[in-house]
Amino acid sequence: MSWRQRAFRRLAGIWRAIWAWRAPRIRPTAVADLPNEIEPMKLYLVGEEEAWQAAMLCPCGCQAIIQLSLIRRDSPHWRAWTEADGSASLSPSVWRKPTCGAHFWLRRGRIIWC
Ligand SMILES: [Zn+2]
């Protein structure tokens, strides 16, 4: 590998790291009721005192609203929490098998595709 290629690779790596760090993260938004207009980059936590539902736009771009139960006795149900940096995480992964097929994790405000 020439010094040019090495330098280029190094630069590309730094650029990717900066980009990843700068990229907006999905943040939790507490609401009493789910609004009609769902904004991207938000994980809505629906509930008066305790959130019983998490909702977000499907990250694949299909414009579908994903609604997930946070109620423990429901099956399936999810856990949503706020990271120290204010970003949102979800567990387990979301798999929209019968519709658009999107399968992803939401971790630290980022979509991790499966
Ligand atoms: Zn989708």
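## The open sheet

In this predicted model, four strands come together as an open sheet, ordered S1-S2-S3-S4, with mixed pairing. Its edges are strand S1 (27–31) and strand S4 (65–69), each of which pairs on one side only. On average, and with direction ignored, neighbouring strands of the sheet are turned by 25° against each other.

Let's look at one pairing in detail. S1 and strand S2 (residues 42–46) run in the parallel sense and share five bridges. Among the bridge partners, Arg 27 is matched with Lys 42 in S2.

## The nonpolar core

Next, the interior. The largest nonpolar core is made up of eleven residues: Ile 26, Leu 43, Tyr 44, Leu 45, Ala 54, Met 56, Ile 66, Ala 88, Leu 90, Val 94 and Leu 106. At least two residues of this core come from each of S2, strand S3 (53–57) and strand S6 (88–91). The biggest contribution is from S2, which gives three residues. In soluble globular proteins, nonpolar side chains tend to be buried together.

Val 94, one of the core residues, is worth a closer look. Leaving aside residues up to four places away in sequence, Val 94 touches Ile 66, Leu 68 and Phe 104. Of these, Ile 66 belongs to the largest core as well.

## The N-terminal helix

How many of the 20 residues of helix H1 are buried? The number is zero, so H1 lies largely in the open.

The length of H1 (residues 3–22) can be checked too. At 1.5 Å a residue, its 20 residues should span 28 Å, and the C-alpha atoms at its ends are indeed 28 Å apart, so the two values agree.

Conventions
Residues numbered from 1 in each chain as written. Predicted model: local features only at pLDDT ≥ 70, side-chain atom pairs only at ≥ 80, totals over all residues. Pairing = 2+ DSSP bridges. Axes fitted to C-alpha atoms, helices over the stretch in contact; angles between N-to-C directions. Core = buried A, V, L, I, M, F, W, Y, C linked by C-beta atoms within 7 Å. Buried ≥ 20, exposed ≤ 12 C-beta atoms within 10 Å, placed from the backbone. Contact = placed C-beta atoms within 7 Å. Expected span 1.5 Å × (residues − 1).
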